[in-house]
Amino acid sequence: MTVLDTDLRPAEPPRYVMFWRRYRRNRAALLGLILFTLVILMAAIAGIVDSGDPLRRAGPPLTAPFIDASIPLGTDQLGRNILSQLFYGARISLLVGVVATLISILIGIVIGAISGYFGGWVDDLLMRITEAFQTIPNFVLLLTLVAILGSKIEWITFAIGIVSWTAPARMVRAEFMSLRNREFVDAARNLGVSNSALIFKEILPNALPPIIVYASVIMAMAILLESALAFLGLGDPNYASWGNMIGQGRAVLRTAWYCSAIPGIAIVLTVLSFSLLGEGLNDAMNPRQKQ
Amino acid sequence: MNLNIPPIAIYALRRLFQAIPVIILIMIGTFLLLKLAPGDTVDALVGDMGGADAAFIARLRAEYGLDQPIWVQLWRYMAKLATFDLGQSFVYEQPVTTVLLDRLGTTLLLMATSLSLAFSIGIVLGAFAARRAYSLTDNLISTLGLIFYATPSFFLSLMMMLLFSVKLGWLPVGGIKTIAGFYTGWDHVVDVARHLVMPTAALSLIYLSFYLRLMRSSVIQVADQDFVRTARAKGAGETRLMVHHIMRNALLPAVTLFGLQFSALLGGSVVVETIFTLPGLGQLAYQSVIQRDMNTLMGIIFLCSIIVILVNFLTDLLYARLDSRIELT
Amino acid sequence: MNTQTAPILEIKDLKISLPKGADRPFALQGLNLTVRPGEIVCMVGESGSGKSLSAGAIMRLLPEPHVSVADGSITFEGEDILSKTENEMRALRGNRISMIFQEPMTALNPQKTVGWQMDEVLKLHLNASRKERYERAIEMLGQVHIPDPESAYNAYPHQISGGQRQRVMIAMALSLSPKLVIADEPTTALDVTTQLQILKLIRELQQKDGAGVLFITHDFGVVAEIADHVIVLRKGEVVEQGSADQVLNTPNHPYTQALIASVPDLQPPAPKPLTSLPVVLKGTGLKKTFTARGGLLSGKRKAVAAVKDLSFQLHQGETLGVVGESGSGKTTVSRLVTRLLDADSGAVEVDDTDLLACTPPELRAMRKHIQMVFQDPMASLNPRKRVVDIIAQGPIVHGEDPEKARARARDLLELVELSPAAANRFPHEFSGGQRQRIGIARALAMEPKVIVADEPVSALDVSVQAQVLKLLADLRDRMNLSLLFVTHDLRVAAQLCDRIIVMQRGEIVESGFTADVFAAPQHPYTKNLLSSIPGRSWTPPVRKIDAA
């Protein structure tokens, strides 16, 4: 008389369809996705918008926006085209953001996974090192690393990665600590699965979703760090960078505020897009949460 | 261990004990960084003097102990650090410790105002948004939080300067006090406060958004818990629920964040102090990088770490007091 | 009991609507019930039957607007509850209607003392001085038999045991002598001996005050223990209601009959002659002490002996039950014999090879002989793997050809009565019982000599539990499996186990054939345990209808 427990529910659509459906539900996240796509597009077509060096003189200095159609957003005090700097700046921001995030996540996963899986003295040691890194104010450490390594864009990216790995490491560690005693891990262990397979094939895939969501935060942070460095004149002088544009615009703030306002808005929108994207990913990956 | 020592003191001692390896790691780290930096103290001195002959340089190296094996150097460096001897700043021609202590007050003042502002406003707004979750008010507050979060402090600083100093002329553009003012007493306080308005706002907004978001999710989460339902079933009203049951529990994660954010906030002060020409540690850090004054830079790292460890220690003590589940016995 | 008195609570045609995405439009469809003074009305149903939401509706604490009362009336002492203002309701809650919840661990505010929380309800509804309130609170703590009321008053919830916390909840609920008490699964999270004490306590206090009790439960044993009147719910519909005697002993509706038939009876199987059979698993002198950090901040590590000197033998084709309450060390036993935890000392021999002396590679090879079925159907399957890969993983690790292993995994699905379509799905698409079947298939894939089952049915509804138990018993008999079966549920143990060992605080207090132990327990603890089984004096009526 009771429903037979063995009857299956109707099959669910594939995972990516479910993922997109849940992501779509958050309208702010859709906006984030659109903004993010725009930034990528800017970076991609920078070469088409302006095939020359964005740092060359393109017109009379301090031309206001919307006056000359060939320089739609005007020029700065050195006569450089703000629009093409903006597009090339998107490249630098994205490049630094993505690579620095990958570096920090990679370090974070390795340290966090080892620490959380094995525990004991290994965990103690790694956590003291993490704490030491966390204790030094990250921007001060970044300045120091840049002072030592120099201002080349590769080194800056590397340094940003180095100062941002502690948070993901702690997260991965916490995930591993809660997952390593989960019954499915015990079950796999009981089948004779080796430690490395347990770490990488059983636990890591389950620990990843929150890390992926957090990657959007690191990416936003990395972009903010890079632009702050460039603003202070410590960025790579050979590339157009939004932070650098704002820093240079500071000198003409009274007369030509658009020189710093335009790239500033670009940074705000880019960072905003990452936050919204992150929230959308969170909703899509943790369907347990309501609303 | 029953010597009638209050448990909180034992706990405090143990926490201090745990901080020692972290400090040692940081000391070793700064030493290695110093070694990585191109050029040592002698190079800097010689460069300052406009060159010298090889024999003199060698003698100087011996004098500074730079001809010793690396571990001897490390040992000496640590021994000096332990007595807060951070060496000479060749830019300021003073002991680094003196230079740092000179700047410490301004930075601490900026930290204290920013963090308390960010903390209190963030918590109130976050709790407010959570109680009206998914309403218009909540959307407004949350959007504001997102925008604060996305706005770099230097950009915000410039825009504030443009509006309040350049256009409106209400606030001074920089410095900690009016140079030729020679204010005393209450006037001095007001003067400093006026100089600190914009730096504080610029520095605190991003952290305000952190607290706002944390508090919002924390309150929503606690409000969903069984004991809140119990209190409701006892006939408690909404205000009572909020004050005694929800906030009391939802505040705990915010307190933890307080300690964690302090380090990031110190880092953020570099940019803000530089923009507003505030004579604090952050500005000093920037100048040291520009002038390649590595000794001072290392000193800043060391001092900042000590401050961060102290603040974390105090937050932990506070947390232990606040969370009655923690037993200090 | 006087059924002529005016009812305290009367619910008529209550309908509760659910939000759009839910599995059905109404959580409750036309509930009718009456609670009279001095009467205990039990609302029984499996998970998802809507029984907890009806309590929320009476208290007007539904998570509105997502879930709300769509139709019907609720009358409490002649007053219409649904038309009351929020202020009027607040005056009622905790005062004339009060509630006891399921989870004593989370139902009290962790940051306030027990006394503060008891005082709160008095302060809210009573115009009394601080001293009077204190005295009332202490009196109530005494009435719920808390040993030292004064010190309990000053304690924080985490400082007292789960059973005591539930007593505090009851003291709080009854401190203003409410007319109606709603108890939502108040004993589900408790051990069986504590459960009986709490049930007795509720009975005792309710009879003294003459309050009406609406008791929500899923457990027919508890119903038999406490109910005057029974309402059986299924997916929001009342399928049957009547006096306890009538529903329990002559159920009319087929669903009630099936539910009651699913309750394992207390008739253990006849003893098997075992001495002739070979021993497949042998534990000798197993010891395990946990050196847990004593709290977050204290440096002292206190040692807890989870298992002290345990020895046992499991014969071929036999089912050995390990029975005990929480903290008895029974779960630790399951982890020790599979070496998921390392024992401090002792030996676990599978076919004369000591598992505990194996090197890591040897151990990995040995693991195929001793497999496990886990407790939590949600947590025991990797959520990111397809079912076929979960089942085939073991054989593949041990060197079987992946294609063959997967083909065999599909066969195994059939063996555990699941459709082959299940193979390519992910674990979250299955119900709890189905996941347990997948877990069993995973264990069987290794063709083990021994299967260790750690509370495999404790998280399941009764009817599902019966089906999974039946499957396990069938497979055991067909494949001549040897089972080490860990459980807290004596009814389940009685149904499945040939022999049992009873554990208390890490030690075996009694062991023997299940039938013998149940018929004539020797140790006082076993006696207590057996006499605490809820509804032990009630024998479910003849099983005319098969559970499946």
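Here is a chat about a predicted model with chains A, B and C.

Student: Before I get into details, what does the model score on ipTM and pTM?

Tutor: This is a predicted model, and it scores ipTM 0.87 and pTM 0.85.

Student: And chain C, what pLDDT does it average?

Tutor: Chain C averages a pLDDT of 88, with 96% of the residues scoring at least 70.

Student: Where in chain C does pLDDT stay under 50?

Tutor: One such stretch is residues 294-300 of chain C, for which the model has 13 contacts beyond four places in sequence. Another is residues 544-548 of chain C, where pLDDT is below 50 and the model has 15 contacts beyond near neighbours in sequence. Where pLDDT is low, the predicted coordinates should not be read in detail.

Student: Fair enough. How is chain C divided into domains?

Tutor: Domain 1 of chain C takes in 37-49 + 87-257, and domain 2 takes in 280-290 + 302-534. Their C-alpha centres are 35 Å apart.

Student: How many residues does each domain put into the contact?

Tutor: Domain 1 of chain C puts in 14 residues and domain 2 of chain C puts in 10. On the domain 1 side, α7 (192-209) and α8 (220-226) of chain C each supply at least two residues. α7(C) gives the most to that side, with 5 residues.

Student: What classes of residue are on that domain 1 side?

Tutor: The side of domain 1 of chain C that touches domain 2 has 5 nonpolar, 5 polar and 4 charged residues.

Student: Staying in chain C, I'm looking at strand β9. Why is it largely enclosed?

Tutor: All of its residues count: 6 of the 6 residues of β9 (residues 229-234) of chain C are buried, so the strand is largely enclosed by the rest of the structure.

Student: Which way do the β9(C) residues point?

Tutor: H229(C), I231(C) and L233(C) point one way from β9(C), while V230(C), V232(C) and R234(C) point the other way. Both sets are buried, R234(C) included. In a regular strand the side chains alternate between the two faces of the sheet.

Student: So what's β9(C) joined to?

Tutor: Strand β3 (residues 40-44) of chain C runs parallel to β9(C), with 4 bridges joining them. Strand β10 (residues 237-243) of chain C runs antiparallel to β9(C), with 6 bridges. I231(C) is a handy place to look: it stands opposite M43(C) and also opposite Q241(C) in β10(C).

Student: And how many residues sit between β9(C) and β10(C)?

Tutor: There are 2 residues between the strands, which form a hairpin. In the turn, K235(C) has a positive phi of about 45°.

Student: Switching to chain A. How many helices and strands does it have?

Tutor: Chain A has 11 helices and 0 strands. Its C-alpha trace spans about 85 × 50 × 30 Å along the principal axes.

Student: What percentage of chain A counts as buried?

Tutor: Of the 291 residues of chain A, 50% count as buried. Looking at contacts in chain A between residues at least 6 apart in sequence, 69% join residues at least 24 apart.

Student: How many residues of chain A are in contact with chain C?

Tutor: 23 residues of chain A are in contact with 41 residues of chain C. On the chain A side, α8 (183-190) and α9 (195-231) each supply at least two residues. The largest share there, 7 residues, comes from α8(A).

Student: How does that side of chain A divide into nonpolar, polar and charged?

Tutor: It divides into 10 nonpolar, 5 polar and 8 charged residues.

Student: Now chain B against chain A, what are the classes there?

Tutor: Starting with the contact itself, 40 residues of chain B are in contact with 35 residues of chain A. Among the helices of chain B that each supply at least two residues to that side are α1 (7-36) and α12 (294-322). α10(B) gives the most, with 8 residues. By class, the side of chain B that touches chain A has 32 nonpolar, 7 polar and 1 charged residues.

Student: Last one: how far does helix α4 of chain B reach?

Tutor: α4(B) (residues 70-82) has 13 residues and reaches 18 Å from its first C-alpha to its last, close to the 18 Å expected at 1.5 Å a residue. Just after α4(B), F84(B) takes a positive phi of about 60°.

Definitions and conventions:
Residues numbered from 1 in each chain as written. Chains lettered and ligands numbered in written order. Predicted model: local features only at pLDDT ≥ 70, side-chain atom pairs only at ≥ 80, totals over all residues. Contact = placed C-beta atoms within 7 Å. Nonpolar A, V, L, I, M, F, W, Y, C, P; charged D, E, K, R; others polar. Buried ≥ 20, exposed ≤ 12 C-beta atoms within 10 Å, placed from the backbone. Pairing = 2+ DSSP bridges. pLDDT = per-residue confidence, 0-100. Domains from an automatic or database assignment. Expected span 1.5 Å × (residues − 1).
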